[in-house]
Amino acid sequence: MTTNPRATLCIQNLELDVRLGWKATERKTTQKVNVDIIIQFLKTPHACHSDEINDTICYATLIQYLQAYLLDLEFLLVERLTQTIYEAVKTYLASPSHLTIKLTKWPNIPGLRDGVSFELRDVSA
C-alpha cells in the first residue's frame with residue numbers, strides 16, 4: 001500500500017525585532033515579537049528522498065529574508081504586521097503550500113501575562 005504523507009515545516013518562536021505600536025513613542029525603538037510559521041506542503045518536498053538542501057526550503061535563508069524585509073518597516077497594529085509577514089513568506093515560497101502565521105507580542109498591560117496573539121492561515125477551498 002502506498003501512502004502520501006502530509007509534510008509540514010514548523011518554524012517556532014522565531015524572535016523578531018520590529019517597530020510596532022499604536023503610539024509613535026512605542027515605535028521609536030524595536031520590540032521583540034515571536035512568530036510561528038507553519039508551512040504545509042501540498043506535495044512532499046523532494047528533499048525527503050534526495051537529502052539535498054536545494055530540494056526544500058532553507059529555513060535559515062527564509063528567516064534572514066524576513067529579518068531583512070522587516071528591518072526598516074513600522075507597524076501600528078499586530079494585524080498589519082502579521083499580514084506583512086504572511087505576504088512576505090508566501091512570496092518567498094516556490095512550491096504550493098498552505099501557510100499559517102501566528103504572531104505574539106507582550107504589551108505592557110497590567111495582568112496580561114501570556115501576551116496577545118494574532119493568526120492568519122490559508123483556508124482550504
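Read along the sequence, this protein runs β-α-β-α-α-β-α-β-β. That makes 4 helices and 5 strands. One caution at the start: the model is predicted. Keep that in mind for every value I give.

Now the overall dimensions. The C-alpha trace spans about 60 × 30 × 25 Å along its principal axes. The protein has 125 residues, and 34% of them are buried. Its exposed area is about 8,500 Å². Carbon and sulfur atoms supply 51% of that area. And the contacts? Take those with a separation of 6 or more: 56% of them come from residues 24 or more positions apart.

Let's go to the strands. Which strand does S1 pair with, and in what sense? S1 covers residues 8-20, and S2 covers residues 31-41. They pair in the antiparallel sense, over 9 bridges. Want a place to look? Find Leu9. Opposite Leu9 stands Ile39, in S2.

S2 has another pairing, with S4. Strand S4 is residues 97-105. Again the sense is antiparallel, this time over 8 bridges. Here the place to look is Ile38, which stands opposite Thr100 in S4. One general point for your notes: in a regular strand, side chains alternate between the two faces of the sheet.

Stay on Thr100 for a moment. Thr100 lies in strand S4. Is Thr100 buried or exposed? Its relative accessible area is 12%, and the cut-off for buried is under 20%, so Thr100 is buried. What does Thr100 touch, leaving out residues up to four places away in sequence? Asp36, Ile37 and Ile38 are on the list. So are Glu119, Leu120 and Arg121. Two of those names, Glu119 and Arg121, come back in a minute.

Next topic: charges. Side chains of opposite charge can pair when their charged atoms come close. How many salt bridges does this model have? The count is 5. I'll walk you through some of them.

Start with Glu74 and Arg27. Their closest N and O atoms are 3.2 Å apart. This pair links distant parts of the chain. Glu74 sits in strand S3, residues 74-75. Arg27 sits in helix H1, residues 24-27. In sequence, the two are 47 residues apart. Their surroundings can be read from accessibility. Glu74 has 48% relative accessibility, so Glu74 counts as partly exposed. Arg27 has a relative accessible area of 14%, so Arg27 is buried.

Second pair: Asp122 and Lys90. The N to O distance is 2.7 Å. This one also links distant parts of the chain, 32 residues apart. Asp122 is in the segment after strand S5, which is 116-121. Lys90 is in helix H4, residues 78-92. Lys90 is at 28% relative accessibility, so Lys90 is partly exposed.

Third pair, and here are the two names I promised: Glu119 and Arg121. Their closest N and O atoms are 2.3 Å apart. Glu119 is partly exposed, at 34%. Arg121 is exposed, at 52%. The cut-off for exposed is over 50%, so Arg121 passes.

There is also a network. Glu15, Asp17 and Lys32 are joined by salt bridges that share partners.

On to the cysteines. How many disulfides does a search of the whole structure find? The answer is 0. Look at Cys10. Its nearest cysteine sulfur belongs to Cys48, and that is 13 Å away. A disulfide needs two sulfur atoms within 2.5 Å, so Cys10 is in none. Cys10 is partly exposed, with a relative accessible area of 39%. Now Cys58. Here too the nearest cysteine sulfur is that of Cys48, at 15 Å. Cys58 is in no disulfide. With a relative accessible area of 23%, Cys58 is partly exposed.

Last stop: the surface. Which residues form a nonpolar patch there? Trp22, Leu76 and Leu77 do. Together they have about 330 Å² of accessible area. Trp22 lies in the loop between S1 and H1. Its relative accessible area is 60%, so Trp22 is exposed.

To recap. S2 pairs with S1 and with S4. There are 5 salt bridges and 0 disulfides. And Trp22 is part of a nonpolar surface patch. Over to you for questions.

Notes:
Residues are numbered from 1 along each chain as its sequence is written. This is a predicted model: local features need pLDDT of at least 70, side-chain atom pairs count only at pLDDT 80 or more; totals for chains, interfaces and linings use all residues. Side-chain values use heavy atoms; hydrogens and water are left out. A salt bridge is a side-chain nitrogen of Lys or Arg within 4 Å of a carboxyl oxygen of Asp or Glu. Buried means under 20% relative accessible area, exposed over 50%, partly exposed in between (1.4 Å probe, protein chains only). Two strands pair if DSSP finds at least two bridges between them. Patches are made of residues with over 30% relative accessible area and no salt bridge: like charges are joined within 9 Å, nonpolar side chains (Val, Leu, Ile, Met, Phe, Trp, Tyr) within 5 Å. Accessible areas come from the Shrake-Rupley method with a 1.4 Å probe; for residues, only the protein chains shown count as cover. Contact means heavy atoms within 4.5 Å.
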